[in-house]
Amino acid sequence: MESTYVLSAVATGIGATLAMDLWNLFLKRTFNIPSLNYCLLGRWLRHMPGGTFRHASIAAASPKPFECPVGWIAHYSIGIVFALVFVGIMSTDWLARPTLRPALLFGIVTVAFPFFIMQPSLGLGIASSKASNPTQARLKSLATHTVFGVGLYVCGLAVSHVLPVHA
């Protein structure tokens with residue numbers, strides 16, 4: 001991939017992640033549905049160098065310095081990596097002419113990461129099976145990752161006009 005493609009994919013990933021965050025802000029303000037606390041994501045990551053990859057409850061784990069900035073940086077880095085993987089799968093043709101269906105499907109597929117990696121590692125069980133309301137948590141994760149997919153498409157369209165890519 002040449003630098004224009006990488007820059008376009010990075011910008012698309014940042015935008016799609018921002019779309020997720022705006023969606024979660026809407027859910028919190030409108031329905032009082034809280035979002036993942038990205039400081040806890042940072043705490044999980046900050047415990048990894050000490051060899052702890054799974055927690056019974058990440059909220060009960062000892063706080064770590066800089067866990068909040070680490071969590072937010074990780075959140076956006078993950079969105080960027082997902083966008084780079086998506087563009088790698090779709091080829092640069094998608095960056096030149098973004099379409100909704102593959103972006104939406106990819107967003108939905110990415111819910112596998114929180115369901116099977118993050119949530120169990122944070123002490124919530126597979127697909128939030130140990131959460132106080134597993135169905136709500138699962139639906140929220142699915143909706144949030146669907147919004148990420150829509151964000152990939154919308155941001156891909158915007159980026160294709162600012163940084164034209166020729167396939």
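**Helix H1, a disulfide and the main pocket**

In this predicted model, the buried residues of H1 pack against H2, H3, helix H4 (92–96) and H7; buried here is under 20% relative accessible area, exposed over 50% and partly exposed in between (1.4 Å probe, protein chains only), contact is heavy atoms within 4.5 Å, and helices are DSSP runs (H or I, at least four residues) numbered from the N terminus. Among those buried residues are Tyr5, Met20, Asp21 and Leu27. The end C-alpha atoms of H1 sit 41 Å apart, in agreement with the 42 Å expected for 29 residues (1.5 Å times one less than the number of residues). Just past H1, Asn32 has a positive phi of about 60 degrees.

As for housekeeping, local features need pLDDT of at least 70 and side-chain atom pairs pLDDT 80 or more, while totals for chains, interfaces and linings use all residues. Side-chain values use heavy atoms, without hydrogens or water, and numbering runs from 1 along each chain.

There is one disulfide (cysteine sulfur atoms within 2.5 Å): Cys39 and Cys68, with sulfurs 1.9 Å apart. The pair ties helix H2 to helix H3 across 29 residues. The link is right-handed, at 110 degrees about the S-S bond. Cys39 is buried at 15% relative accessible area, whereas Cys68, at 32%, is partly exposed.

Which helix gives the most to the lining of the largest pocket? That is H7, with seven residues. Lining residues, which have an atom within 4 Å of a pocket point, number 41, and Leu36, Pro114, Met118, Gln119 and Ser141 are the closest to the pocket centre.

Terms used. 1 Å grid on protein atoms, 1.4 Å probe; cavity = no way out; pocket = protein on both sides within 12 Å on 5 of 7 lines; lining within 4 Å. Helix = DSSP H or I, 4+ residues; strand = E, 2+ residues; numbered from the N terminus.
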